[in-house]
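Here's a walk through one fold, starting from a single residue pairing and working outwards to the pocket and the core. Have a look at the model first, then read on.

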Amino acid sequence: MNQSVRLLCGAALVALPFAACKKDHYNPPPPRTIQYQLYTDQDFSTDQHTITFRLTIHGRNNVVFDSALAPMLIRDVPNKAHQLVFQKLVPPGFDKDTLVVGFVYDIKDVGESSVPRTPAPPASA
């Protein structure tokens, strides 16, 4: 009997690490990043109007992200060589959704642009 107890304990000690180390090999997809690039290729050097840009991300039925940049004069919107670049991680829960991404701008005493309507495709699975 003493021999069988030792055998059972030895078998349990050998089997225990294998049972305890069972791992789920799920690798979550990498975070989805959206990059905004703000620049112009037109000459607005004489335009003194104030412009305010908003970075937006819209889901199907909700606003995921909406953030205003500091107001600037239109003449100060940079060219491509000096573009402003912003990166935004898509919050958890929206990483597989089709999103509408873009800029909305408001020119003082002129008006506001419309919200972008072109969806960004969902991240590939």
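Let's begin at a strand end: I107 stands opposite G111 in strand 7. This is a predicted model, so treat what follows as a reading of a prediction. Strand 7 covers residues 111–112, and two bridges join it to strand 6 in the antiparallel sense. The hairpin of strand 6 and strand 7 has three residues between the strands, and one residue there, D109, takes a positive phi near 65°.

**The overall layout**

Stepping back, the protein has one helix and eight strands. Read from the N terminus, the order is α-β-β-β-β-β-β-β-β. The protein has 125 residues, and buried ones make up 22% of them.

**Strand 2 and its partners**

Strand 2 (50–58) and strand 6 (99–107) pair in the antiparallel sense over eight bridges. Two of the facing positions are easy to find: T56 has G102 in strand 6 as its bridge partner, and L55 stands opposite F103 in strand 6.

Strand 3 (residues 63–68) also runs antiparallel to strand 2, with five bridges joining the two. There, I57 has F65 as its bridge partner. The connection between strand 2 and strand 3 is a hairpin of four residues.

Strand 4 (residues 72–73) comes in too, antiparallel to strand 2 and joined to it by two bridges. T50 stands opposite L73 in strand 4. L73 also gives us a handle on the loop between strand 1 and strand 2, which is where F44 sits. F44 and L73 are 29 residues apart in sequence, and their C-alpha atoms are 9.5 Å apart in space.

While you're looking at side chains along these strands, keep the general rule in mind: in a regular strand they alternate between the two faces of the sheet.

**The aromatic pairs**

How many aromatic pairs does a search of the whole structure find? It finds three. F53 and F103 form an edge-to-face pair, with 6.0 Å centre to centre and 75° between the planes. F53 lies in strand 2 and F103 in strand 6, so this pair ties together parts that are 50 residues apart in sequence. F53 also pairs with Y105: the ring centres are 6.2 Å apart and the planes stand at 55°, so this one is tilted. Y105 lies in strand 6 while F53 is in strand 2, so the pair ties together parts 52 residues apart in sequence. Ring pairs link Y36, F53, F103 and Y105 into a cluster.

Is F53 buried or exposed? With 8% relative accessibility, F53 counts as buried. Here's how it sits beside some other aromatic residues:

| Residue | Relative accessible area | Class |
|---|---|---|
| F53 | 8% | buried |
| F103 | 22% | partly exposed |
| F44 | 30% | partly exposed |
| Y105 | 34% | partly exposed |

Since buried means under 20% relative accessible area, F103 at 22% counts as partly exposed.

**The largest pocket**

The residues in that table turn up again around the largest pocket, which holds about 200 Å³ of space. Its lining is made of L38, Y39, T40, F44, I51, F53, I74, V77, F103, Y105 and I107. So I107, where we started, is part of it.

Which elements supply at least two residues each of this lining? Strand 2 and strand 6 do. The largest share, three residues, comes from strand 6. By chemistry, the lining divides into 10 nonpolar residues, one polar and no charged.

**The nonpolar core**

What about the largest nonpolar core? It has 17 residues, and those with the most contacts inside it are I34, Y36, I51, F53, I57 and L99. Strand 1 (33–38), strand 2, strand 3 and strand 6 are the elements that give two or more residues to this core. Strand 2 gives the most, with four residues.

F53 is a good residue to keep on screen as you finish. It's in the ring cluster, it helps line the largest pocket, and it's among the residues with the most contacts inside the largest nonpolar core.

Note on methods:
Residues are numbered from 1 along each chain as its sequence is written. This is a predicted model: local features need pLDDT of at least 70, side-chain atom pairs count only at pLDDT 80 or more; totals for chains, interfaces and linings use all residues. Side-chain values use heavy atoms; hydrogens and water are left out. On a 1 Å grid over the protein atoms alone, a cavity is a set of points where a 1.4 Å probe fits but cannot get out, and a pocket is an open set with protein on both sides within 12 Å along at least five of seven lines; lining residues have an atom within 4 Å of a point. Grid points are joined across faces, edges and corners, and a volume is the space filled by probe spheres set on the points. Ala, Val, Leu, Ile, Met, Phe, Trp, Tyr, Cys and Pro count as nonpolar, Asp, Glu, Lys and Arg as charged, and the others, Gly among them, as polar. Two strands pair if DSSP finds at least two bridges between them. Rings of Phe, Tyr and Trp (its six-membered ring) pair if their centres lie within 6.5 Å; planes under 30 degrees apart count as stacked, over 60 as edge-to-face and the rest as tilted. Buried means under 20% relative accessible area, exposed over 50%, partly exposed in between (1.4 Å probe, protein chains only). A nonpolar core is a set of buried Ala, Val, Leu, Ile, Met, Phe, Trp, Tyr and Cys residues joined through side-chain atoms within 4.5 Å.
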